[in-house]
Protein chains: 2
Amino acid sequence: MTETQSRLLDLGEALMRKRGFGGFSYADLAREIGIRKASIHHHFPTKSDLGMAVLDRYADQLADKLRKISSASRTGGQALDGTIKLYRDAIDHAGRMCLCSTLAADTEVIDRDMRERLAQANRDTAAWIQETLLTGRRDRSIAVGGDPALEAKAILAQLQGAQLLARAGGDPQIFDQAITTLVARLSRH
Amino acid sequence: MTETQSRLLDLGEALMRKRGFGGFSYADLAREIGIRKASIHHHFPTKSDLGMAVLDRYADQLADKLRKISSASRTGGQALDGTIKLYRDAIDHAGRMCLCSTLAADTEVIDRDMRERLAQANRDTAAWIQETLLTGRRDRSIAVGGDPALEAKAILAQLQGAQLLARAGGDPQIFDQAITTLVARLSRH
DNA sequence: GTCTATAATGAGATAGAC
DNA sequence: GTCTATCTCATTATAGAC
């Protein structure tokens, strides 16, 4: 992984999270990075190759962040708070969102590989939330009952939906408003 | 409003809900409708004009459907069930979503007028949910406590997020899974 | 209101020199 | 690994005839 390649992934990720997969071009990357379009094709022959590389790295980093939240938290409730903060922080900067939320809207535009990777990332995140809910129930930091697999999907939906609402309204605080009741419902710390 | 214009709005709406605002072109419309691209520009000079017309009509129809749900429901709980069904039905057909969910991801691509109309539509829907929550509390069909304005935003986020998850996973049932706990939490019919 | 014709621009991508 | 040059195609949009 060269310096140029990681700069391309960084910028590509930023643009995808801000404008979606169809919302940026190699010309945008070239302008910002300071090389020519043809040079980008050397690193990522097709735009799909770049998209897949960005998504792959993003999914790995997300899983990594979730693992770190787990090990840094004393209770399941704390871990879920950390997760909420993760999604909140993602929208504060430059109108970005979680890549998984943005790409979901682009589902019909991206190719099959990206689609499957995206679905897998969502399944992984939901599974992690589910585990964390169970942990929180055991340590009595979370009060939520009901099927944990369904609760986990509900929480993920609310997190991604809150990002969507906040972006559409042009105000990050909408995220907080749409998530307050979730925090209240979960917490028992 | 001529026949051709309403066909253009219908098809435009379908495509926007399926692929986003940037995900279709006048060529797509022309092919399907059976006229030439230039003829479409006669009805909607720019693509933004078309997008705005679609969004405007969509927002009006959505508000209308919500009003009808209100008057057809005996309790607030019934009205919210009807709303959930509305969002569920929207994704069953041909991979579409609520236009408001799709456009939120496109926020950076659409122009200022559309952005403001979108934000207004979301505010209206949240306000309607809020009213319905209050109604349901009064008639004892809804058990949810907490600030109704925040609860309403949370519910809207969960509905839109569940559509997002279902589309990303390629399976409408994911919507049901992500919404089950909401139904359980609200209902007391 | 629809057509043909044609801009004008930008997209993704390739060939081949350095 | 980056460049210039070029290709091909799609996109939005306009002019003007019918």
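**Interface between chains A and B and the surface near DNA strand C**

In this predicted model, chain B and chain A bury about 3000 Å² between them, and carbon and sulfur atoms give 70% of that area. Three residues, B:Glu108, B:Leu164 and B:Leu165, supply 18% of the area that chain B buries against chain A, more than any other three residues. The contact takes 35 residues from chain B and 35 residues from chain A.

Polar interactions across this interface were also counted. Between chain B and chain A there are 0 salt bridges, whereas 4 residue pairs are in polar contact, with both members of each pair at pLDDT 80 or more. On the side of chain B that touches chain A, at least two residues each are supplied by α1 (3-19), α6 (99-105), α7 (112-138), α8 (148-169) and α9 (173-186) of chain B. The largest share of this side comes from α8(B), with 15 residues. By class, the residues of the side of chain B that touches chain A comprise 15 nonpolar, 12 polar and 8 charged.

The arrangement of the two chains was then examined by superposition. A turn of 180° with a shift of 0.0 Å along the axis lays chain B on chain A with an RMSD of 0.0 Å. The relation is therefore that of a two-fold axis. Both copies use the same surface, in that 100% of the contact residues of chain B recur in chain A.

Both protein chains also contribute to the surroundings of DNA strand C. Around this strand lie 18 residues, of which A:His41, A:Lys47, B:Arg36, B:Ser39 and B:His43 come nearest. Among the atoms of DNA strand C within 4 Å of the protein, 61% belong to sugar or phosphate, and the rest belong to bases.

Individual approaches to phosphate oxygens of DNA strand C involve backbone and side-chain atoms. A backbone N or O atom of B:Arg36 lies 2.6 Å from a phosphate oxygen of the strand. For A:Tyr26, a backbone N or O atom is placed 3.2 Å from a phosphate oxygen of DNA strand C. In B:Thr4, by contrast, a polar side-chain atom lies 3.3 Å from a phosphate oxygen of that strand. The elements giving two or more residues to the surface near DNA strand C are α2 (26-33) and α3 (37-43) of chain A, together with α3 (37-43) of chain B. Of these elements, α3(B) provides the largest share of the surface, 4 residues. In composition, the surface near DNA strand C has 7 nonpolar, 8 polar and 3 charged residues.

Note on methods. Residues numbered from 1 in each chain as written. Chains lettered and ligands numbered in written order. Heavy atoms only, no water. Contact = heavy atoms within 4.5 Å. Buried area = accessible area lost by both parts, 1.4 Å probe. Salt bridge = Lys/Arg side-chain N within 4 Å of Asp/Glu carboxyl O. Polar contact = N/O pair within 3.5 Å; in protein donor to acceptor, adjacent residues only side chain to side chain. Nonpolar A, V, L, I, M, F, W, Y, C, P; charged D, E, K, R; others polar. Least-squares fit on C-alpha atoms with pLDDT ≥ 70 in both. Near = heavy atom within 4 Å.
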